[in-house]
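Trainee: I am new to this structure and would like a close look at a single part of it. Could you take one strand and walk me through its surroundings, going on from there to the pockets and the aromatic rings?

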Amino acid sequence: MYRKFFYLALIAILTLNCKPEVKNNQKKLPRIAIAGLGIESSTFSPARTHEEAFHARIGNSIFQRYPFFAKDTDIRKRAEWIPTLLGKALPGGMVTREAYESMVGKTLKMLKENGPYDGLFFDIHGAMSVEGLTDAEGDLIKRIREVIGSEVLVSTSMDLHGNVSKRLAQHSDLITCYRMAPHEDALESKERSITNLLDRLENGKGKPKYKAWVPVPILLPGEKTSTRIEPGKSLYAQIPSITKQEGVIDAAIWIGYAWADEPRNHGVVMTTGDDKEQVIQGAEKLAQSFWDVRNEFEFVAPTTTFDESLKLALKSDKRPFIISDMGDNPTAGGAGDVTWTLREILNRSEFKSENGPSLIYASIPGPKLIEEALKVGIGGKVKAIAGAAVDNRFAPPLQLEGTVEAIKEGDRDAEVEVVVKIGSVHVIVTKKRKPYHQENDFTDLGLNPKNTNIVIVKIGYLVPELYEMRGDWIMALTPGGVDQDLERLGYEHIKRPMFPLDTYMDTPDLRARLIPASDN
């Protein structure tokens, strides 16, 4: 009899011990939405950005942007993902209110239809300016919160050239940004943002107890704050030591975006975590370090006038000698169609002959010239105007006359690209603006940049592929909507005083502000 009761008790104990395992196997995955809009928008450019520029992905097509969302990846398996709308545009002018409201409306509609959610991966740039708004990303996340609720865990991923307002900080539970400029760690940063979100949902800790936000009154262009060189290199190298501390989830430094005139445009440091003391100390340490090195920031490469840049390039025997035409850089928000630099080149006697120094100019939008080039074909002569349809403040449209050497259709940004040979200059003309920063951008058009005397690109600091290609490099201080001479821009709405615009500044208050949780 006793043996029978013993076996029955043993069976009962084993059965009870097995129940948690069965329960865990049947545990529901967290439901996480994906949404975001990303662009850098210069308020100093007359250009306007419309909805089609965002090439918005809707639904499952969003997964194609991220290798870590492939079907067999750990991240994909750890949650039930609900992708809504994700739009990423080439930097440009302010976004029209119509475009913004259209994309936001679609996002909110999809969020309403597919809720409820445990989390949201909010993938933005942080420097989007919209007509009639002074904090576009703050407005966007607030409106999303009104749909998904304040208790949903939101993890925000940003570019370090974005801006973090108090409103964005409050509605973001977890927040991080890139740690490298150029942004070689972009995908790594987005994956970190998602992993932080998944970890907090899985371990049940949810929202961090503390978010420390420190505004730093510094406004500098990316060309002066690259992490390739000091002091940016050492400044950002301090972040891992903060994040490794017990009770800290993440830490980030935002340089901010210099070519928009809004109160939120300035440096920011944020840390998140559950240990109040460590979170505050980490934020204040990074903010103080940022302020302490403010006078050490300088351009990542030599800079001078465009005339002097050309003189140096013509004397050099290094190929290619790359000149950055910075003032109209479309990767920073320039209109991309300022003709001032190209006019200067074509007026130079050195390039009048076909046997002159070889030069590639990338690029200038010219829809009318594209139309004519398609008519005459490769080898035909073309004569039409190009450029300055959007930004004619510095030079008028140019009439280009030369031989069509290449035509390429189907590019995502340019749509159609044409190479026109004028003297010894190869001018790349596009239907729509496009930055040129990869070797195949040139070789696909039959050009050989590595064997060209001078390559001029509308870009600031060189992205890795161009940087590795360069024989020599200089950055030209040219005019445009992203002028590197910030004092010429005429700010009216940023907070003052601001370094380096205001020479004499009192020591700023770099104490951490604790930002309340989204549901507080």
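Mentor: What follows starts from one strand, moves out to its sheet, and then turns to the spaces and the ring pairs. Please keep in mind that this is a predicted model.

The strand to begin with is β19, which covers residues 425-430, and 6 of its 6 residues are buried, so β19 is largely enclosed by the rest of the structure. The burial applies to both faces of the strand, since V425, V427 and V429 on one side are buried and H426, I428 and T430 on the other side are buried as well.

Which strands pair with β19? One partner is β15, residues 359-365, which runs parallel to β19 and is joined to it over 6 bridges. Along this pairing, I360 has H426 of β19 as its bridge partner, and Y361 stands opposite V427. Another partner is β18, residues 415-422, which pairs with β19 in the antiparallel sense, also over 6 bridges. Here I422 stands opposite V425. β18 and β19 form a hairpin with 2 residues between the strands, and in that hairpin G423 takes a positive phi near 65 degrees.

Stepping back, these strands belong to an open sheet of 9 strands with mixed pairing, in the order β13-β21-β14-β20-β15-β19-β18-β17-β16. The edge strands are β13, residues 303-304, and β16, each of which pairs on one side only.

From the sheet we can turn to enclosed space. A search of the whole structure finds 1 cavity of 30 Å³ or more, and the largest cavity holds about 50 Å³ of space. Its lining includes A362, S363, I364 and P365, together with others, among them R433, K434, P435 and Y436; because β15 spans residues 359-365, those four residues from A362 to P365 fall within the strand that pairs with β19. By class, the lining of this cavity divides into 6 nonpolar, 2 polar and 3 charged residues.

The open spaces come next. The largest pocket contains about 1,500 Å³ of space and is lined by 50 residues, with P91, D159, H183, T331 and H437 lying nearest its centre. At least two lining residues are supplied by each of β5 (80-88), α6 (186-202) and α14 (464-469), and the largest share, 3 residues, comes from α6. In this lining 23 residues are nonpolar, 12 are polar and 15 are charged.

The second largest pocket has a volume of about 710 Å³, and of the 29 residues that line it, A335, V390, K431, K432 and R433 are the closest to its centre. R433 also appears in the lining of the largest cavity. The elements that each supply at least two residues to the lining of this second pocket are β3 (48-49), β6 (92-95), α12 (367-376) and β16 (381-386); β16 was met above as an edge strand of the sheet. The classes in this lining are 12 nonpolar, 7 polar and 10 charged residues.

The aromatic rings complete the picture. A pair of aromatic rings is described by the distance of the centres and the angle of the planes. The structure holds 13 aromatic pairs, and one of them is W291 with F499, whose ring centres are 6.5 Å apart and whose planes stand at 70 degrees, so the pair is edge-to-face. This pair links distant parts of the chain, with W291 in helix α9 (residues 276-292) and F499 in the loop between β21 (472-476) and β22 (513-514), 208 residues apart. W291 counts as buried at 5% relative accessibility, and F499 counts as buried at 12%. F306 and W340 form another edge-to-face pair, at 6.1 Å centre to centre with 70 degrees between the planes. That pair joins helix α10 (residues 306-315), where F306 lies, to helix α11 (residues 340-346), where W340 lies, across 34 residues of the chain. F306 counts as buried, with a relative accessibility of 3%.

Two charged side chains also sit over rings. R294 lies over the face of F499 at 6.0 Å from the ring centre, while R76 lies over the face of F63 at 3.8 Å from the ring centre. F63 in turn belongs to one aromatic cluster with Y66, F68, F69, W81 and F121.

Technical notes. Residues are numbered from 1 along each chain as its sequence is written. This is a predicted model: local features need pLDDT of at least 70, side-chain atom pairs count only at pLDDT 80 or more; totals for chains, interfaces and linings use all residues. Side-chain values use heavy atoms; hydrogens and water are left out. On a 1 Å grid over the protein atoms alone, a cavity is a set of points where a 1.4 Å probe fits but cannot get out, and a pocket is an open set with protein on both sides within 12 Å along at least five of seven lines; lining residues have an atom within 4 Å of a point. Grid points are joined across faces, edges and corners, and a volume is the space filled by probe spheres set on the points. Ala, Val, Leu, Ile, Met, Phe, Trp, Tyr, Cys and Pro count as nonpolar, Asp, Glu, Lys and Arg as charged, and the others, Gly among them, as polar. Buried means under 20% relative accessible area, exposed over 50%, partly exposed in between (1.4 Å probe, protein chains only). Two strands pair if DSSP finds at least two bridges between them. Rings of Phe, Tyr and Trp (its six-membered ring) pair if their centres lie within 6.5 Å; planes under 30 degrees apart count as stacked, over 60 as edge-to-face and the rest as tilted. A charge sits over a ring if NZ of Lys or CZ of Arg is within 6 Å of the ring centre and within 35 degrees of the ring normal.
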